[in-house]
Amino acid sequence: MILRGWSKIGWWSKCREFWEEMGKMGIDRDLYSYSIYMDIQCKCNKPWKAVKLYKEMKREGIQLDVPAYNTVINAVGLCEGVDMAIRVYRDMKESRCEPNVVTYNTIIKLLCKYERFKEAYLMLEEMPKRGCEPNVITYHCFFGFLVKSKEILRLFERMIDSGLRPRMDTYVMLMRKFSRWGFLRPVFLVWKKMEELGCSPDEFAYNALIDALVQKGMVDMARKYDEEMLAKGLSAKPRVELGTKLVDKHVD
């Protein structure tokens, strides 16, 4: 409980001190404590230390559960590559520990990171067959790494057709991505879909759209949306192109 508490507030040095103290005092480190400390190492950007802990667990004969395997798969993938992560995933299945959506999302993200999209799509197809439906994060794993706008839009439609509702950060992610590539039409397609699904844009969505319009020199339309979001009580970014300034909230 103490280790988890330090972890939640991000006090990594205290986590390390407590872990070392457990060893000095001869306190048994069980699956739960190992799982927490492996997760801490990953959050500290030290996945190799999580892998070391995993190997230590195996030597101690500690049987991993699903959350522990998920942490290990992610850590192994980050420091040893996706093929080694898939090997751990197979070990997980062989030990009759059934993968969950987090497991699949972790593998899919690693595959996409290494541009092995064909294998990632096969994993996406496998999920429902194993009784594990993809979630929004599953699709985010693809959206973060795909480089073709048409492919992203097709997958976006597939996500919606499957019954999954995009989250606001889904819309923002896609609009930002298309905007970086200089594509305005896909930005509007995503915006239109957001409206069709009855999702009210927040300040991040508005700012993503306005930035895309300003980038393309469509200042009048950008100003229209800027005024619209202000009328809704949302905070707009100050933009030189629109002649807007940062409002000092302390001024009456």
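How far is the sulfur of C42 from the closest cysteine sulfur, and which residue holds that closest sulfur?

**Entry 1: cysteines**

I started with this question, keeping in mind that I am working on a predicted model. The closest cysteine sulfur to that of C42 belongs to C79, and the gap of 8.3 Å is too far for a bond. I then turned the search around and started from C79: its nearest cysteine sulfur is that of C42, 8.3 Å away, and C79 is in no disulfide. My search of the whole structure agreed, finding 0 disulfides. I also looked up how accessible the two residues are. C42 has a relative accessible area of 14%, so I noted it as buried, the cut-off being under 20%. C79 comes out at 33% relative accessibility, so it counts as partly exposed.

**Entry 2: overall layout and confidence**

Next I wanted the general plan. I found 14 helices and 0 strands, so to read along the sequence is to meet one α after another. The protein has 252 residues, and 44% of them count as buried. I also checked the contacts with a separation of 6 or more: 57% of them join residues 24 or more positions apart.

For confidence, I noted a mean pLDDT of 88, with 86% of the residues reaching 70 or more. Among the elements, helix α1 (residues 2-8) has the lowest mean pLDDT, 52, while α9 has the highest, 98. I marked residues 247-252 for myself, as the pLDDT there is below 50. Beyond near neighbours in sequence, that stretch has 0 contacts in the model.

**Entry 3: helix α9**

With the highest mean pLDDT in hand, I went to α9 for a closer look. How many of its 8 residues are buried? I got 7, so helix α9 (residues 136-143) is largely enclosed by the rest of the structure. The buried ones are V136, T138, Y139, H140, C141, F142 and F143. I then asked what these residues pack against, and found α7 (101-113), α8 (117-129), α10 and α11. At the start of the helix I spotted N135, with a side-chain oxygen that reaches to within 3.1 Å of the backbone nitrogen of I137.

**Entry 4: aromatic pairs**

I moved on to the rings and found 9 aromatic pairs in the structure. I looked at F156 and Y171 in detail: the ring centres are 6.2 Å apart and the planes meet at 80 degrees, so this pair is edge-to-face. F156 sits in helix α10 (residues 149-161) and Y171 in helix α11 (residues 168-180), so the pair ties together parts 15 residues apart in sequence. Both F156 and Y171 are buried.

W191 and Y206 came next. Their ring centres lie 5.3 Å apart with planes at 65 degrees, so I logged this pair as edge-to-face too. W191 belongs to helix α12 (residues 185-196) and Y206 to helix α13 (residues 203-215), so here as well the pair ties together parts 15 residues apart in sequence. W191 has 2% relative accessibility and counts as buried. Y206 is buried at a relative accessible area of 0%.

Which residues form one aromatic cluster with F156 and Y171? I found Y139 and F143 there, and I recognised both from my list of buried residues in α9. I also noted a charge over a ring: K224 lies over the face of Y225, at 4.1 Å from the ring centre.

**Entry 5: helix α3**

I closed with two residues of α3. Y32 lies in this helix, which covers residues 31-43. At 43% relative accessibility, Y32 counts as partly exposed. Its C-alpha atom is 9.7 Å from that of P67, a residue 35 places away along the chain.

S35 is in helix α3 too. Is S35 buried or exposed? I found 14% relative accessibility, so S35 counts as buried. I then left aside the neighbours within four places in sequence and looked up the contacts of S35, which are with D65 and A68.

Technical notes
Residues are numbered from 1 along each chain as its sequence is written. Side-chain values use heavy atoms; hydrogens and water are left out. Rings of Phe, Tyr and Trp (its six-membered ring) pair if their centres lie within 6.5 Å; planes under 30 degrees apart count as stacked, over 60 as edge-to-face and the rest as tilted. Helices (H or I, at least four residues) and strands (E, at least two) are DSSP runs, numbered from the N terminus. Buried means under 20% relative accessible area, exposed over 50%, partly exposed in between (1.4 Å probe, protein chains only). A charge sits over a ring if NZ of Lys or CZ of Arg is within 6 Å of the ring centre and within 35 degrees of the ring normal. A disulfide is a pair of cysteine sulfur atoms within 2.5 Å. Contact means heavy atoms within 4.5 Å. A polar contact is a pair of N or O atoms within 3.5 Å; within protein, one must be able to donate a hydrogen and the other to accept it, and residues adjacent in sequence count only if both atoms are side-chain atoms. pLDDT is the predictor's confidence in each residue, from 0 to 100.
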